[in-house]
Amino acid sequence: MMLDINKIREDFTFLRSGRIYLDSTATSLTPEPVLKKVLEYYREYRANVGRGIYNTAQTATSAYENARAEVAKLINAKPEEIIFVRNTTEATNLVANGLKFQEGEKIVTTILEHHSNYIVWLRVKNTKKLELSVVQSDREGHLSPSDFAAHIDRRTKLVAVTHTSNVLGVRPPIKEIVKLAHEQGSLVLVDGAQSVPHTKVDVKELGCDFLAFSGHKMCGPTGVGALYIKEDLQASVEPLCIGGGSIDDVGIDYYRLRGGPNKYEAGTPPIAEAIGMGAAATYLMNIGMDNIEDHERKLTRRMLQGLANIEGISLYGPKDAEKRAGIISFNLKGMNPHDVAVALDTTSGVMVRSGHHCALPLHKHVLNAPNGSVRASVYLYNNYDDVDVFLDTLAEISKTLM
Amino acid sequence: MKTLYDYYRLFPHTDCGYCGSTSCLTMLRRYCLGKSDLNSCIYFKSGELPSPKISYSPPHLKEPPTEKISYIRPCPSEPTKVTIEVNVLPQTHSPYGYFDMITADSIFDRQIPNLKISPSLGIVRIESEAGDVMVFSEGKVIIRRGADEKRAFWEISRAVRLLWATVNRKIRAESAH
């Protein structure tokens with residue numbers, strides 16, 4: 001099915017000014033139906049959740065739990081397996097601090113990772129005296145199951161790996177990695193920040209134990225994200241914070257935590273934001289994740305073809321649109337990525353990210369680009385015109401300023 | 001009607017993009033360079049706009065420009081270095097431009113090393129050891145990787161003085177009102 005892009009674009013008031021937003025990897029735009037749901041909570045039924053007995057409090061609790069169910073549906077999980085957190089970063093920190101590591105155990109991660117799925121493991125390695133093993137990729141960012149097989153062994157407690165690289169758009173073979181890890185008795189945490197918003201993700205099919213993702217990258221509000229924890233693991237993962245809302249009973253010298261997601265959601269949660277994230281999940285599912293992925297692939301193909309014709313360009317990652325998501329990083333010869341980004345913005349209103357995109361090890365050791373790169377990324381609301389204006393301006397920059 | 005900015009005033013300023021350029025001003029700059037055809041503009045084609053007679057005369061000003069600092073920050077990728085943005089035209093809401101980069105191109109004609117001009121985009125880029133400067137036609141000047149604040153401001157002033165002869169005098173007079 002083809003997406004009705006013009007209709008979708010009408011939902012995003014941000015686009016009405018004619019700006020061209022190609023930085024959805026950093027954060028996505030928010031459509032009107034999601035904003036409406038958020039405001040509806042503040043305007044119509046604002047009350048705390050899971051506490052009051054009066055009718056409005058019940059309405060708020062139902063809306064909050066319904067949002068959890070919608071987010072669960074998006075990744076084919078049970079609602080009880082979804083924990084609302086602030087963002088993907090808080091989710092990885094929760095797992096790093098909540099798992100009971102023993103001295104000498106091993107964590108396996110990769111060179112592709114975002115700092116949020118990297119430095120948390122460096123820290124826990126030092127505090128708990130663990131070993132951290134980093135799987136290296138080839139120049140294009142490809143990782144094969146055999147690369148992991150060499151690192152995962154009986155001592156490996158956790159494999160922490162991205163589902164989609166936020167720089168190269170490549171997708172490591174999660175299913176195979178999970179199989180290898182489970183054979184050795186290891187758990188697998190998948191960083192889904194760049195996959196859940198853009199492609200159909202099914203935790204049952206992937207088989208992973210944890211999946212972390214953010215609301216703000218999937219058309220939802222900022223300040224809310226989700227961590228999927230496989231149901232039977234929840235007893236063995238400690239919460240990051242405890243307090244109001246997370247207990248069954250408290251006495252003078254004891255406390256007993258509740259079961260299920262409530263255990264992890266101490267204090268008043270970001271209620272409006274969670275409701276917004278639920279609405280965003282519904283919005284994406286109504287459009288269809290497969291349709292979104294198809295649309296992004298078309299734009300990516302156009303972008304890759306156009307970039308290949310620009311002189312002086314270093315394009316990172318696979319050249320084939322089938323092998324990557326709609327995240328494209330590059331450099332123009334002799335130009336600082338920030339200068340390219342400013343020129344695109346000032347002359348054509350094209351917004352792209354520049355710098356190291358929170359992935360310094362990748363830029364330094366794989367891409368050999370210590371100054372970072374320019375990154376353009378697409379989402380469901382982008383169209384061919386966006387891509388063409390971006391390419392035209394970039395071609396002009398390359399011809400005249402490089 | 002003398003300069004391309006005079007002509008630009010007659011435009012509807014829609015930046016519709018039908019001509020293939022990213023904005024009306026970019027299209028006009030390209031036209032002046034012989035790189036685009038006015039007939040690609042749907043407004044021109046419909047007869048709403050007169051045929052242009054554009055010419056250039058390098059303008060000059062009596063008083064120096066005032067620099068308004070937008071920000072001074074550590075460089076995002078190199079925190080020991082400084083990035084500064086200034087606007088030489090305060091309240092720079094004028095879409096017509098301040099520096100005329102077509103004039104700049106005709107004056108410098110790539111004779112200064114480490115200086116690159118994009119007349120079509122309206123950008124001058126100057127590389128130096130003390131930092132890399134980008135000057136935009138609307139009056140924005142950005143320096144990146146400035147060695148320190150003092151040297152960074154020196155580089156900014158140097159770039160502005162260099163482009164002094166290209167200042168779009170008429171726009172400046174208008175904005176003074």
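**Warm-up.** What covers the buried residues of H4(A)? Strand E2 (82-85), helix H5 (119-128), strand E5 (156-162), strand E6 (187-191), strand E7 (210-214) and strand E8 (225-229) of chain A are included in the cover.

A word on the ground rules. This is a predicted model, where local features need pLDDT of at least 70 and side-chain atom pairs count only at pLDDT 80 or more, while totals for chains, interfaces and linings use all residues. Residues are numbered from 1 along each chain as its sequence is written, chains are lettered from A and ligands numbered from 1 in the order in which they are written, and side-chain values use heavy atoms, with hydrogens and water left out.

**Exercise 1. Work out how well helix H4 of chain A is covered, and list its buried residues.**

Step 1: get the terms straight. Helices (H or I, at least four residues) and strands (E, at least two) are DSSP runs, numbered from the N terminus. Buried means under 20% relative accessible area, exposed means over 50%, and partly exposed is in between (1.4 Å probe, protein chains only).

Step 2: count. H4(A) spans residues 88-98, and 8 of its 11 residues are buried, so call the helix mostly covered.

Step 3: name them. You want A:Thr88, A:Ala91, A:Thr92, A:Asn93, A:Leu94, A:Val95, A:Ala96 and A:Gly98.

**Exercise 2. Describe strand E12 of chain A and find its partners.**

Step 1: check the burial. E12(A) covers residues 327-332, and 6 of its 6 residues are buried.

Step 2: sort the faces. In a regular strand the side chains alternate between the two faces of the sheet. Here A:Ile327, A:Ser329 and A:Asn331 sit on one side, with A:Ile328, A:Phe330 and A:Leu332 on the other, and both faces are covered.

Step 3: look for pairing (DSSP must find at least two bridges between two strands). Strand E11 (residues 313-315) of chain A pairs with E12(A) in the antiparallel sense over 3 bridges, and A:Ile313 stands opposite A:Leu332. Strand E15 (residues 373-377) of chain A also runs antiparallel to E12(A), joined by 4 bridges. There, A:Ile327 stands opposite A:Ser377.

**Exercise 3. Track down some salt bridges in chain A and say how exposed their ends are.**

Step 1: set the cut-off. A salt bridge is a side-chain nitrogen of Lys or Arg within 4 Å of a carboxyl oxygen of Asp or Glu. The whole structure holds 24 of them over all chains.

Step 2: start inside a helix. A:Glu70 and A:Lys73 meet at 3.8 Å, N to O. Both lie in helix H3 (residues 55-74) of chain A, 3 residues apart, about one turn. A:Glu70 is buried at 14% relative accessible area, whereas A:Lys73 is exposed at 53%.

Step 3: go further along the sequence. A:Arg301 and A:Glu322 form a salt bridge at 3.0 Å, N to O. A:Arg301 lies in helix H10 (residues 289-308) of chain A and A:Glu322 in the loop between E11 and E12, so this pair ties together parts that are 21 residues apart in sequence. A:Arg301, at 37%, is partly exposed, and A:Glu322, at 45%, is partly exposed too.

Step 4: widen the view. A:Arg301 and A:Glu322 belong to a salt-bridge network with A:Arg171, A:Glu293 and A:Arg297.

**Exercise 4. Place A:Glu265 and find its surroundings.**

Step 1: locate the residue. A:Glu265 is in the loop between strand E10 (255-257) and helix H9 (271-287) of chain A. A:Glu265 is buried, with 8% relative accessible area.

Step 2: list contacts (heavy atoms within 4.5 Å). Leaving aside neighbours within four places in sequence, A:Glu265 touches A:Tyr64, A:Arg68, A:Ile82, A:Ile83, A:Phe84 and A:Gly244.

Step 3: pick out a polar contact (a pair of N or O atoms within 3.5 Å; within protein, one must be able to donate a hydrogen and the other to accept it, and residues adjacent in sequence count only if both atoms are side-chain atoms). The side chains of A:Glu265 and A:Arg68 make one at 2.8 Å.

**Exercise 5. Size up the contact between chain B and chain A.**

Step 1: count residues. Chain B gives 24 residues and chain A gives 21.

Step 2: take the buried area (accessible area, 1.4 Å probe, that two parts lose on being put together, summed over both). The two chains bury about 1900 Å², 54% of it on carbon and sulfur atoms. In chain B, B:Thr22, B:Leu121 and B:Arg125 lose the most area to chain A, together 28% of what that side buries.

Step 3: look at the bonds. The count is 1 salt bridge between the chains: B:Arg144 with A:Asp339, the closest N and O atoms being 3.1 Å apart.
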